[in-house]
Amino acid sequence: MASPTETTAPVTVTQILDEAELMQALAIREVVFIEEQHVPEGIERDAEDANAYHVIAHQSGHAIGTGRLVMLAQPPSGEEGPWGQVGRMAVLQAHRKARVGSLLLTSLEQEARRRGVKGIMLHAQLYALEFYKKHGYSEMGTVFLEGGIDHLEMRKRF
């Protein structure tokens with residue numbers, strides 16, 4: 001349980017700039033995806049990590065969340081121009097419901113805009129649909145399995 005000072009301490013989101021921070025982000029992803037959600041490690045870790053723009057959230061000196069932006073080689077079906085994909089959004093359980101996910105997503109969207117993308121696509125777990133809808137994302141297509149978990153593609157145009 002977080003102490004009262006930890007829950008009110010500001011959360012900062014920054015770009016991951018070194019291997020130590022990337023290892024912290026991968027550790028958060030391991031806890032959330034591999035341990036909590038039982039996603040196979042071979043699916044959670046992929047070649048995109050090497051080229052992605054990663055962010056990390058800190059509170060009171062502790063890494064508590066992460067996410068990444070990957071530039072897509074081609075736009076999603078029916079779209080034009082450069083597009084990005086947000087993924088691997090993960091927040092440690094004790095820090096959920098504290099707007100950490102919103103801060104991570106906003107930071108990734110800002111980077112996508114800096115890169116001149118026309119929009120962002122993501123694969124949302126079904127429990128997170130309302131979170132993404134509140135941030136302007138729309139549902140696309142039908143539910144599909146990814147890592148043994150139901151997902152739905154969502155998009156947001158800029």
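Start by selecting Glu-111 and Arg-114: both sit in helix α4, 3 residues apart, about one turn of the helix. This is a predicted model. The two side chains meet in a salt bridge, 2.9 Å from N to O. Colour the pair by accessibility. Glu-111 counts as buried because its relative accessibility is 11%, under the 20% cut-off. Arg-114, at 58%, is over the 50% cut-off and therefore counts as exposed.

**Helix α4**

Extend the selection to residues 100–114, the whole of α4. How far apart are its end C-alpha atoms? They are 21 Å apart, which agrees with the 21 Å that 15 residues should span at 1.5 Å a residue. Buried residues of α4 include Val-100, Leu-104, Leu-105, Leu-108 and Ala-112. An α-helix has 3.6 residues a turn, so residues three or four places apart point the same way. Go on to Gly-116, which follows α4 and has a positive phi near 75 degrees.

**Helix α5**

Next select residues 129–134, helix α5. Lys-133 and Glu-130 are 3 residues apart in this helix, so about one helical turn separates them. Their side chains form a salt bridge of 3.3 Å, N to O. Lys-133 has a relative accessible area of 35% and is partly exposed; Glu-130, at 49%, is also partly exposed.

**Strands β6 and β7**

Select residues 138–146 (β6) and 149–157 (β7), which pair in the antiparallel sense over 6 bridges. Met-140 stands opposite Glu-153 in β7. At the hairpin, with 2 residues between the strands, pick Gly-147, whose phi is positive, near 65 degrees.

Stay on Glu-153 and add Arg-155. Their side chains meet in a salt bridge of 2.6 Å, N to O. Are these two residues buried or exposed? Both Arg-155 and Glu-153 are buried.

**Glu-79**

From Arg-155, move to Glu-79, in the loop between β3 (62–71) and β4 (83–91). A polar contact of 3.2 Å joins the side chains of Glu-79 and Arg-155. Beyond its neighbours within four places in sequence, Glu-79 is in contact with Arg-155 and Arg-157. The relative accessibility of Glu-79 is 15%, so this loop residue counts as buried.

**Strand β2 and its partners**

Now select residues 53–59, strand β2, where 7 of 7 residues are buried. In a regular strand the side chains alternate between the two faces of the sheet. Both faces of β2 are covered. On one side are Tyr-53, Val-55, Ala-57 and Gln-59, and on the other His-54, Ile-56 and His-58.

Add β1, residues 11–15, which runs antiparallel to β2 and is joined to it by 5 bridges. Gln-15 stands opposite Val-55 in β2. Then add β3, which pairs with β2 in the antiparallel sense over 7 bridges. Here Tyr-53 stands opposite Leu-69 in β3. The hairpin of β2 and β3 has 2 residues between the strands, and Ser-60 in the turn has a positive phi of about 50 degrees.

**Salt bridges and the annotated span**

How many salt bridges does the structure hold? There are 18. To see a network of them, select Arg-29, Glu-30, Glu-41, Glu-44, Arg-45, Asp-46, Asp-49, Arg-68 and Arg-88, which are linked by salt bridges.

Finish with residues 12–158, the span that an unreviewed UniProt entry annotates as "domain: N-acetyltransferase". Over these residues the chain is 29% helix and 37% strand, and the end C-alpha atoms are 25 Å apart.

Note on methods
Residues numbered from 1 in each chain as written. Predicted model: local features only at pLDDT ≥ 70, side-chain atom pairs only at ≥ 80, totals over all residues. Heavy atoms only, no water. Helix = DSSP H or I, 4+ residues; strand = E, 2+ residues; numbered from the N terminus. Buried < 20%, exposed > 50% of the residue type's maximum accessible area, 1.4 Å probe, protein only. Polar contact = N/O pair within 3.5 Å; in protein donor to acceptor, adjacent residues only side chain to side chain. Contact = heavy atoms within 4.5 Å. UniProt positions renumbered as here; feature names shortened; annotations may be inferred. Pairing = 2+ DSSP bridges. Expected span 1.5 Å × (residues − 1). Salt bridge = Lys/Arg side-chain N within 4 Å of Asp/Glu carboxyl O.
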